Amino acid sequence: MSFLKTCVLLIALPSTALAANGGDIHLIIKDHRFEPAEIQVPAGKKVKLIVENQDDTPEEFESYALNREKIIAGKSKATIYIGPLEPGRYPFFGEFNEKTAQGAVIVE
Amino acid sequence: MISAAIIVFRETLEAALILGIIAAATKGIPKRGIWLIAGVVAGVVGALLVASMTEQIAAMAHGIGQELFNALVLSIVVVMLAGHNIWMARHGAHLARDARQLGQDVRAGTRELPIMFVVIALAVLREGSETALFLYGLAMGSDQGLITVLNGALLGLAAGAAAGVALYLGFLRIPSKWFFAVTSGLILFLAAAMASQVARLLAQGDILPSLASPLWDTSHLLSNSSAVGTLLHTLLGYDASPAGIQVVFYVSTFILIVMGMQWAKKSPSIKH
């Protein structure tokens, strides 16, 4: 692959995580922040969110818009199913560290 | 400190309100206090156990152990609250005249208190385990010191307990003529609200389909993150953006309990 092609690909690569059709979405909690902070999912599809908490302390994944709530112990993974959803922005947060742990699901 | 207080308050509120309703509904039954306190103590012990086993519970059933566990706990509470209401409807004819008469009915007490013990223990267990985990995390990674965290937690706990006591005292001001209608009514809504939570958990774990998600969205009118929204969520099961399956569970539970109460009223009552 040429240098130019790589550059174009890198620029075109969205800064947010993108779900392949029906694919799982991976989300990391590190230093009480979500990585990536925004995730894109297709509209009208059920999506499996896999949230990995890399911190030592537990976190609660919570979203009023998505109607989801789940505790994730320190150094562990949790599975959360969301959707199918209408297009829009659905914020979520970590209830135990609300100041820093903020994110959103973008449905398109 | 304030953030710790707010979260502990939020987590304690539900258990405190349930405790307030049940303390009112069982008023006058001999030895009620001991049973209710025992329920809280058992709930706290259970909460610490559940909190310490979070990882193991979560790992069960291919990562949806937490949803299944909470759904099971809530389902038991729903069945018990339903049983309480149906039993009360059966005996309502005697009790409606004077709430205190319940206190003289020893059989009422011996039958109701163990059920309420379990309801309180499970309500405290559910909310308490989340509080314990939060405080553990805060104390572990805290740069503000353990004492500050504990002070915040105690403040939140006190505020939550105060809300429960306020509800209880409010109940006691209700004229005895209406007392059972109000307590049974609230317990009916509480049970339906919990059934809706069971549906949410099962949809979150992909055991049940969401059906429409959401069925409606009133979060711009009254968000579940607001104080009023939280209160209505706990007491009546208000959800700003519920999944269709939640509404199905809510309405069916509501109708089934009302039908059970109607049936109990009509069937021949135990003679006194």
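# A tour of chains A and B

Start with chain A, which has 108 residues, 42% of them counted as buried. Keep in mind that this is a predicted model. Its overall scores are ipTM 0.82 and pTM 0.85.

**Stop 1: chain A as a whole.** Colour chain A by secondary structure. You should find 1 helix and 10 strands. Now trace the chain along its sequence. The helix comes at the start of the pattern, and the strands follow: α-β-β-β-β-β-β-β-β-β-β. How much of the contact in chain A links residues 24 or more positions apart? Among contacts with a separation of 6 or more, such pairs account for 52%.

**Stop 2: confidence in chain A.** Switch to colouring by pLDDT. The mean for chain A is 84, and 80% of its residues reach 70 or more. Next, select residues 8-21 of chain A. Here pLDDT stays under 50. For this stretch the model has 16 contacts beyond four places in sequence. Read this part with care.

**Stop 3: strand β10 of chain A.** Select residues 102-107 of chain A, which form strand β10. Then add strand β4, residues 38-41. These two strands pair in the parallel sense, over 4 bridges. Zoom in on A:I39. It stands opposite A:V105 in β10(A).

Now add strand β9, residues 88-94 of chain A. In which sense does β9(A) pair with β10(A), parallel or antiparallel? The pairing is antiparallel, over 6 bridges. For a marker, pick A:P91, which stands opposite A:A104 in β10(A). So far, then, β10(A) has been shown pairing with β4(A) in the parallel sense and with β9(A) in the antiparallel sense.

**Stop 4: where the chains meet.** Show both chains together. The contact takes 21 residues from chain A and 29 residues from chain B. Which strands of chain A each supply at least two residues of the side that touches chain B? Select β7 (68-72) and β8 (76-82). Of the elements of chain A, β8(A) gives the most to this side, with 5 residues. Colour the side of chain A that touches chain B by class. You will count 11 nonpolar, 5 polar and 5 charged residues.

**Stop 5: a helix in chain B.** Move to chain B. Its average pLDDT is 87, and 90% of the residues score at least 70. Select residues 146-172 of chain B, which form helix α7. This helix has 27 residues. Use the distance tool on its first and last C-alpha atoms. The span is 39 Å, close to the 39 Å expected at 1.5 Å a residue. Now highlight its buried residues. They include B:V149, B:A153 and B:L167. Four glycines are on the list as well: B:G152, B:G156, B:G160 and B:G164.

**Stop 6: the nonpolar core.** The largest nonpolar core has 102 residues. Select B:I21, B:I120, B:L190 and B:A191, which have the most contacts inside it. Stay on B:A191. Leaving aside neighbours within four places in sequence, B:A191 is in contact with B:V78, B:L81, B:A82, B:T253 and B:I257.

**Stop 7: B:H233.** Finish at helix α9 of chain B, residues 227-236, where B:H233 lies. Why does B:H233 count as buried? It does so because 22 other C-beta atoms lie within 10 Å, and 20 or more are enough. Not counting residues up to four places away in sequence, B:H233 touches B:N224, B:Y238 and B:D239. For a last distance, select B:G137 too. The C-alpha atoms of B:H233 and B:G137 are separated by 26 Å, and the two residues are 96 residues apart along the chain.

Technical notes. Residues numbered from 1 in each chain as written. Chains lettered and ligands numbered in written order. Predicted model: local features only at pLDDT ≥ 70, side-chain atom pairs only at ≥ 80, totals over all residues. Buried ≥ 20, exposed ≤ 12 C-beta atoms within 10 Å, placed from the backbone. Contact = placed C-beta atoms within 7 Å. Expected span 1.5 Å × (residues − 1). Core = buried A, V, L, I, M, F, W, Y, C linked by C-beta atoms within 7 Å. pLDDT = per-residue confidence, 0-100. Nonpolar A, V, L, I, M, F, W, Y, C, P; charged D, E, K, R; others polar. Pairing = 2+ DSSP bridges.
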